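Visitor: I am new to this structure and should be grateful for a guided introduction. May we proceed by question and answer?

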Number of protein chains: 2
Amino acid sequence: MKRSLEHIEYKEDTESLAKFAKALGHPTRIVILKYLENQSCCFTGDLVDVLPISQSTVSQHLKELKNAGLIQGELKPPKIKYCIHPENWKIAKTLFQQFFD
Amino acid sequence: MKRSLEHIEYKEDTESLAKFAKALGHPTRIVILKYLENQSCCFTGDLVDVLPISQSTVSQHLKELKNAGLIQGELKPPKIKYCIHPENWKIAKTLFQQFFD
DNA sequence: AAAACCAATCGTACATTTACGATAGAGAAT
DNA sequence: ATTCTCTATCGTAAATGTACGATTGGTTTT
């Protein structure tokens, strides 16, 4: 019985696309990204006001989007300004376009 | 301390996009869908031969893709023929296009 | 009728995700 | 220096995801 998850090798594009897709795989994160697309940028607090979830959960979702490379955070003390990460956003867009032909 | 996960209401398009994205959120499923896009259709066994994972795991991934509506299965005894679900595929494509502008 | 084949499902183990409240830490304002 | 504000992180609980081998069930072939 094998009981430790093995990691399998995939092509880089496949991994990237899956990573981006995974980041998009929660409605809250879709809302956040749509918000950022309209506003171009915003602070964490703005999202906390808009979303029906706690501050810590919003922060967690932002962290995941950041880890996936879809957004970036800039220190604007005492706040943090989040924006779409333009280059990676473009890469993601291209990967999805290619994927769907 | 609240310890049961609440489900929050989102717009239908947001939910749909997140659902499709979630289904795309694993490299194995990306590979399966790419395979289906090229071949147009295939049997479970074909995928088991190609992928470095067990039959039951492949079956599980197929189930998730089916639940997300991205593929459909047709009985071709003793096999099962899987194809892209054209209508939903188109919907997914459109949602991603809209999302990325 | 029995054997063979294919693929779904079951049972299980472990990892990851999602949510919360509480706490911490960095900077600004008093 | 102390207080206030904002947000990340910690700790925790519950749900979901990912993988496997074993089993089951339907269909075909023998």
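Visitor: In which helix of chain A is A:His61 placed?
Guide: The model shown here is a predicted one. Within chain A, residues 55-67 form a helix, and A:His61 is placed in that helix, α4.

Visitor: Does A:His61 count as buried or exposed?
Guide: Buried means under 20% relative accessible area, with the protein chains only taken into account. The relative accessibility of A:His61 is 10%, and therefore this residue counts as buried.

Visitor: Which residue has a side chain joined to that of A:His61 by a polar contact of 2.9 Å?
Guide: Leaving out residues up to four places away in sequence, A:His61 touches A:His26, A:Thr28, A:Arg29, A:Ile32 and A:Ile53. The polar contact of 2.9 Å joins the side chain of A:His61 to that of A:Arg29.

Visitor: How many residues surround DNA strand C?
Guide: Both protein chains are represented among the closest residues: A:Lys22, A:Thr57 and A:His61 from chain A, with B:Ser59 and B:Tyr82 from chain B. By class, the residues of this surface divide into eight nonpolar, eleven polar and seven charged. The number surrounding DNA strand C is 26.

Visitor: What percentage of the atoms of DNA strand C within 4 Å of the protein belong to sugar or phosphate?
Guide: One phosphate oxygen of the strand lies 2.6 Å from a polar side-chain atom of A:His61. Bases are also represented among the strand atoms within 4 Å of the protein, but the part that belongs to sugar or phosphate is 67%.

Visitor: Which residue has a side-chain N or O atom 3.1 Å from a base oxygen of DNA strand C?
Guide: A phosphate oxygen, rather than a base oxygen, lies 2.2 Å from a side-chain N or O atom of B:Tyr82. For the base oxygen, the residue at 3.1 Å is A:Ser56.

Visitor: Which element gives the most to the surface near DNA strand C?
Guide: From chain B, the elements that give two or more residues to this surface are α3 (44-50), α4 (55-67) and β3 (79-84), and from chain A the element is α4. With five residues, the element that gives the most is α4(A).

Visitor: About how much area do chain B and chain A bury between them?
Guide: The contact involves 27 residues of chain B and 27 residues of chain A. On the side of chain B, the residues that lose the most area are B:Tyr10, B:Phe99 and B:Phe100, together 27% of what that side buries. Carbon and sulfur atoms carry 75% of the total buried area, which is about 2,600 Å².

Visitor: How many residue pairs are in polar contact between chain B and chain A?
Guide: Salt bridges between the two chains number zero. Polar contacts are present, and the count of residue pairs, both at pLDDT 80 or more, is five.

Visitor: Which helix gives the most to the side of chain B that touches chain A?
Guide: At least two residues each come from α1 (12-23), α2 (27-39) and α5 (86-99) of chain B. With seven residues, the helix that gives the most is α2(B).

Visitor: Does B:Ala18 count as buried or exposed?
Guide: B:Ala18 is found in helix α1 of chain B. Apart from neighbours within four places in sequence, B:Ala18 is in contact with A:Leu24, A:Gly25, A:His26, A:Pro27 and A:Ile30. Because its relative accessibility is 3%, B:Ala18 counts as buried.

Technical notes
Residues are numbered from 1 along each chain as its sequence is written. Chains are lettered from A and ligands numbered from 1 in the order in which they are written. This is a predicted model: local features need pLDDT of at least 70, side-chain atom pairs count only at pLDDT 80 or more; totals for chains, interfaces and linings use all residues. Side-chain values use heavy atoms; hydrogens and water are left out. Helices (H or I, at least four residues) and strands (E, at least two) are DSSP runs, numbered from the N terminus. Buried means under 20% relative accessible area, exposed over 50%, partly exposed in between (1.4 Å probe, protein chains only). A polar contact is a pair of N or O atoms within 3.5 Å; within protein, one must be able to donate a hydrogen and the other to accept it, and residues adjacent in sequence count only if both atoms are side-chain atoms. Contact means heavy atoms within 4.5 Å. A residue is near a molecule or strand if one of its heavy atoms lies within 4 Å of it. Ala, Val, Leu, Ile, Met, Phe, Trp, Tyr, Cys and Pro count as nonpolar, Asp, Glu, Lys and Arg as charged, and the others, Gly among them, as polar. Buried area is the accessible area (1.4 Å probe) that two parts lose on being put together, summed over both. A salt bridge is a side-chain nitrogen of Lys or Arg within 4 Å of a carboxyl oxygen of Asp or Glu.
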